[in-house]
Amino acid sequence: SEKKHIVLVNCKLSPTPKELQRAVLAYSLTPLIIRSVDSSENLFGGSSSSSEEEEEEEEGKQPKIVVMLRYPGDWEIYIDVEDGQGFELAKTMPANRVGKTGPSIDVLVSTVKQHLQSKELGQY
């Protein structure tokens, strides 16, 4: 029997066909941007800026996140907080524990929050 390799790009099949249930995810790249939530409390649990001047300053700094998997490696979360350092590795997670869809939004939020707090304390 001859083996065939099938490559799917930007494929979001829902539900996943049974023929692909055992497929191996070889590469995944998800770019994200953090934006303030329009309320008195933002996504990370802090209070939003109160003055227009602070809001304008914060608008310029929107952390960027890249969630990546490169087979056979682990899931990696990179964060760029626009401080001139570029993207920095913030966290890795074993691929066999996270699954094909990648880290949950809760994991991403807590990772970004920890990374931002570490940057403020000068630990990175």
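This report walks through a predicted model of a protein chain, from its overall layout to some of its details.

## The overall layout

Let's start with the big picture. The protein chain has 124 residues, and 21% of them count as buried. It holds 3 helices and 4 strands. If you read along the sequence, these elements follow the pattern β-α-β-β-β-α-α.

How much of the contact in this chain comes from residues that are 24 or more positions apart? Among contacts with a separation of 6 or more, such pairs account for 48%.

## How the strands pair

Now look at strands 1, 2 and 3. Strand 1 and strand 2 pair in the antiparallel sense, over 7 bridges. To find one place where they meet, look for Thr30, which stands opposite Val67 in strand 2.

Strand 2 also pairs with strand 3, again in the antiparallel sense, over 6 bridges. Here Lys64 has Asp80 in strand 3 as its bridge partner. A hairpin of 4 residues joins strand 2 to strand 3. Strand 2 covers residues 64-70, and because 5 of its 7 residues are buried, it is largely enclosed by the rest of the structure.

## A buried residue: Ile77

Ile77 is a good residue to pick out in your viewer. Its place is in strand 3, which spans residues 75-80. Is Ile77 buried or exposed? With a relative accessible area of 0%, Ile77 is buried.

What does Ile77 touch, leaving aside residues up to four places away in sequence? Its contacts include Ile65 and Val66, as well as Glu88, Leu89, Ala90 and Lys91. Further along the sequence, Ile77 also touches Pro103, Val107, Leu108 and Thr111, among others. Thr92 is 15 residues away from Ile77 along the chain, and the C-alpha atoms of these two residues are separated by 6.4 Å.

## Salt bridges

The structure holds 4 salt bridges. One of them links Glu76 and Arg70, with the closest N and O atoms 2.8 Å apart. The two partners differ in their surroundings: Glu76 is buried, with a relative accessible area of 15%, whereas Arg70 counts as partly exposed at 39%.

Another salt bridge joins Lys119 and Asp83, whose closest N and O atoms are 2.6 Å apart. Lys119 lies in helix 3 (residues 105-120) and Asp83 in the loop between strand 3 and strand 4, so this pair ties together parts that are 36 residues apart in sequence. Lys119 is partly exposed, with a relative accessible area of 21%, and Asp83 is partly exposed too, at 36%. Lys119 also forms a salt bridge with Glu88, and there the closest N and O atoms are 3.2 Å apart. That pair links distant parts of the chain, with Glu88 in strand 4 and Lys119 in helix 3, 31 residues apart. Glu88 counts as buried, at 16% relative accessibility. Put together, Asp83, Glu88 and Lys119 are linked in a network of salt bridges.

## The largest pocket

Next, turn to the open space in the model. The largest pocket contains about 1400 Å³ of space. It is lined by 31 residues, and the closest to its centre are Leu8, Cys11, Leu25, Tyr27 and Lys100.

Which element gives the largest share of the lining of the largest pocket? That is strand 1 (residues 27-33), which supplies 6 residues. Sorted by class, the lining has 20 nonpolar, 7 polar and 4 charged residues.

## Some backbone details

Finally, here are a few spots along the backbone. Most residues other than glycine have a negative phi, and most peptide bonds are trans. A cis peptide bond joins Ser14 and Pro15, with omega about 0°. Pro15 is found in the segment before strand 1. Another cis peptide bond joins Tyr71 and Pro72, with omega about 5°. The place of Pro72 is in the loop between strand 2 and strand 3.

Glu82 is also worth a look: its phi is near 55°, a positive value in a residue other than glycine. Glu82 lies in the loop between strand 3 and strand 4. With a relative accessible area of 29%, Glu82 is partly exposed.

Technical notes: Residues numbered from 1 in each chain as written. Predicted model: local features only at pLDDT ≥ 70, side-chain atom pairs only at ≥ 80, totals over all residues. Heavy atoms only, no water. Helix = DSSP H or I, 4+ residues; strand = E, 2+ residues; numbered from the N terminus. Buried < 20%, exposed > 50% of the residue type's maximum accessible area, 1.4 Å probe, protein only. Contact = heavy atoms within 4.5 Å. 1 Å grid on protein atoms, 1.4 Å probe; cavity = no way out; pocket = protein on both sides within 12 Å on 5 of 7 lines; lining within 4 Å. Points joined across faces, edges and corners; volume = space filled by probe spheres on them. Nonpolar A, V, L, I, M, F, W, Y, C, P; charged D, E, K, R; others polar. Pairing = 2+ DSSP bridges. Salt bridge = Lys/Arg side-chain N within 4 Å of Asp/Glu carboxyl O.
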